[in-house]
Amino acid sequence: MTPLLIAVVGLLVIAACHQLAPKAGVASPLILLALGIGTGFLPWVDAIEVDPDLILQVVLPPLLLAAAVSMPVMDFRRELRSVSVLAIGLVVISAVVLGAVVHLLVPAVPLPWAIALGAVLSPTDAVAVAIARRSGVSHRVITVLEAALARLDDEEIMLSAHH
């Protein structure tokens, strides 16, 4: 498949999952994850290699900007301290803990690489927000969660890019 065809099919699958998720009662990232895992096991599907710089420089900035623009500024300012503590603490703790576990389970993986892998594996942003919204969590808590997760994305990118 050509890269353009892969991109078009990927966008169509994302749109379909976004429409299907509320009907299925599941967060769309979980459906996408299941589809990705299932597709990876299909023997006729070749591996798709994407340059990491393309993701870091082209794909992620618009996603982070969209998340930042949709966040209520007054709520964010009011909760800045909570957001900062959660964002920095959660990233560092989850990256280091996951990195240590990876390093202990696979000693061949150097600790800095394991921590970088921990930074990549730790986020559960979209799923956490979707679950919180469905659970009837207050608007204030949702704002703190969204803001912290937006900051987490930035920090995870920095941790992953500077391994």
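**An all-helical chain and its second largest pocket**

Helix 1 is a good place to start: its 22 residues reach 30 Å from the first C-alpha to the last, close to the 32 Å expected at 1.5 Å a residue. Just after helix 1 comes glycine 25, which takes a positive phi of about 75 degrees. The model described here is predicted, and helix 1 is where confidence in the chain is highest, with a mean pLDDT of 86.

Stepping back to the chain as a whole, the secondary structure consists of eight helices and zero strands. Read from the N terminus on, the order of elements is therefore simply α-α-α-α-α-α-α-α, each being a DSSP run of at least four residues. The chain has 163 residues, of which 21% count as buried. Among contacts with a separation of 6 or more, 60% are accounted for by residues 24 or more positions apart.

Confidence deserves a word before the details. The mean pLDDT of the chain is 75, and 61% of the residues reach 70 or more. At the opposite end from helix 1 stands helix 7 (residues 125-134), where confidence is lowest, at a mean of 61. Where pLDDT is low, the predicted coordinates should not be read in detail.

Helix 1 also takes part in the second largest pocket, in which about 600 Å³ of space lies. The lining of this pocket comprises 16 residues, and the closest to the pocket centre are Ile6, Val9, Thr39, Val45 and Ile48. Two elements, helix 1 (3-24) and helix 2 (28-40), give two or more residues to the lining. In character, the lining residues divide into 11 nonpolar, four polar and one charged.

Further along the chain, two residues illustrate contrasting surroundings. Proline 110 is found in the loop between helix 5 (80-105) and helix 6. The relative accessible area of proline 110 is 39%, which lies between the 20% and 50% cut-offs, so this residue is classed as partly exposed. Its C-alpha lies 9.8 Å from that of alanine 100, a residue 10 positions away in sequence.

Alanine 116, by comparison, is found within helix 6 (residues 111-121). Because its relative accessible area is 9%, under the 20% cut-off, alanine 116 counts as buried. In space, alanine 116 and valine 96 are 8.6 Å apart, C-alpha to C-alpha, with their positions 20 residues apart in sequence counted as the separation.

Definitions and conventions. Residues numbered from 1 in each chain as written. Predicted model: local features only at pLDDT ≥ 70, side-chain atom pairs only at ≥ 80, totals over all residues. Heavy atoms only, no water. 1 Å grid on protein atoms, 1.4 Å probe; cavity = no way out; pocket = protein on both sides within 12 Å on 5 of 7 lines; lining within 4 Å. Points joined across faces, edges and corners; volume = space filled by probe spheres on them. Nonpolar A, V, L, I, M, F, W, Y, C, P; charged D, E, K, R; others polar. Expected span 1.5 Å × (residues − 1). Buried < 20%, exposed > 50% of the residue type's maximum accessible area, 1.4 Å probe, protein only. pLDDT = per-residue confidence, 0-100. Contact = heavy atoms within 4.5 Å.
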